[in-house]
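User: I'm new to this structure and would like a close look at a single part of it. Could you pick one helix and walk me through its surroundings?

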Amino acid sequence: MDRWDGGSDYDVFMGRWSRLVAHEFVTALGADEGGRWLDVGCGTGALLEAISDLAAPARLVGIDPSKEYVDRAASQVGDVAEVDVADGEHLPFGDDSFDIVVSGLALNFIPNPGAAVGEWLRVTRPGGIVSSYVWDYAEGMGFLRHFWDVAAAVDPDARLLDEGVRFPLCRPDRLKDLFATSGLTSVEADSIEIPTVFDDFGDYWTPFLRGQGPAPSYVASLTDSERSRLAENLQAKLPRDAAGQIALRARAWTITGNPRHST
């Protein structure tokens with residue numbers, strides 16, 4: 001079962017990459033300054049930080065179902081954002097409360113994404129923006145793709161835990177269908193790519209031992225010998241450049257739409 005109870009551990013595993021993609025996302029969104037923003041599934045605050053740095057929001061709110069992650073986000077962003085515990089399917093806000101509702105790397109982990117997007121639409125004002133992004137677990141998230149391919153070769157049961165198998169919304173056509181059927185118009189999908197460069201195998205492998213999210217949760221479930229075998233096989237398979245670095249790429253799919261009642 002996926003664990004989401006250690007914000008600092010999650011930041012070691014994914015935070016350095018989620019902050020890179022968050023800045024690219026906010027820049028590409030091109031929203032006007034001074035807007036009222038809601039970040040659904042704010043996690044440890046990567047997207048909140050990017051919005052604060054780049055968009056000069058008049059109001060910035062983040063919610064997440066994990067109290068530990070909310071506490072971490074609050075400590076990261078300080079007074080620039082209101083951060084609280086709530087889930088993406090039941091937003092504690094009135095209709096048309098925000099100009100821009102966004103969600104970064106969270107949509108795949110919401111049990112009923114259709115209900116969630118309907119809620120995002122409800123709290124977005126006429127003429128506003130609803131936008132989200134998810135990792136391309138199926139093909140474009142290099143360091144996880146290598147991990148799960150090797151894990152499945154060592155342990156065939158691991159394939160069922162692979163995010164590329166578990167989460168069909170990691171594909172742009174599925175995201176477009178979700179937004180369109182939820183009542184959004186002018187739906188557009190795009191991609192963001194960032195480098196994920198690891199100095200050596202230790203820099204790659206150690207974050208998997210922190211127990212946060214699907215892959216590290218799987219690693220934590222293994223015996224010591226199983227974990228060692230997985231590490232040995234990964235070390236043998238991962239590509240390295242001339243300097244010994246493991247230089248990979250990570251792609252996220254973005255999806256953006258407008259409420260049907262927009263003017």
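Analyst: Here is a walk around helix 1, from its crossing with another helix to the core it helps to build. Please keep in mind that this is a predicted model.

Let's begin with the crossing. Helix 1 covers residues 7-29, and its axis comes within 11 Å of the axis of helix 3, residues 67-77. The two axes cross at roughly 60 degrees, an angle that falls outside the 65 to 115 range for roughly perpendicular, and the helices are therefore oblique to each other. Their crossing is right-handed. On the helix 1 side, the contact is made by Gly 7, Ser 8, Tyr 10, Asp 11 and Arg 19; helix 3 brings Tyr 69, Arg 72 and Gln 76. By character, these contact residues divide into two nonpolar, three polar and three charged.

Now for the core. The largest nonpolar core has 60 residues, and those touching the most other members are Trp 135, Phe 143, Phe 147 and Tyr 204. Helix 1 gives the most to this core, with nine residues. Take Trp 135 as an example: leaving aside residues up to four places away in sequence, its contacts include Met 14, Trp 17, Ser 18 and Val 21, and also Leu 105, Met 141 and Cys 170.

Helix 1 has another neighbour in helix 9, residues 214-221. Six of the eight residues of helix 9 are buried, so helix 9 is largely enclosed by the rest of the structure. The buried ones are Pro 214, Ala 215, Pro 216, Ser 217, Tyr 218 and Val 219, and they pack against several helices, including helix 1, helix 5 and helix 10.

Conventions
Residues are numbered from 1 along each chain as its sequence is written. This is a predicted model: local features need pLDDT of at least 70, side-chain atom pairs count only at pLDDT 80 or more; totals for chains, interfaces and linings use all residues. Side-chain values use heavy atoms; hydrogens and water are left out. Axes are lines fitted to C-alpha atoms, for helices over the stretch in contact, and angles run from 0 to 180 degrees between N-to-C directions. Helices (H or I, at least four residues) and strands (E, at least two) are DSSP runs, numbered from the N terminus. Angles under 35 degrees count as roughly parallel, over 145 as roughly antiparallel, 65 to 115 as roughly perpendicular and the rest as oblique. A crossing is left-handed if the near helix is turned anticlockwise from the far one by less than a right angle, and right-handed if clockwise. Contact means heavy atoms within 4.5 Å. Ala, Val, Leu, Ile, Met, Phe, Trp, Tyr, Cys and Pro count as nonpolar, Asp, Glu, Lys and Arg as charged, and the others, Gly among them, as polar. Buried means under 20% relative accessible area, exposed over 50%, partly exposed in between (1.4 Å probe, protein chains only). A nonpolar core is a set of buried Ala, Val, Leu, Ile, Met, Phe, Trp, Tyr and Cys residues joined through side-chain atoms within 4.5 Å.
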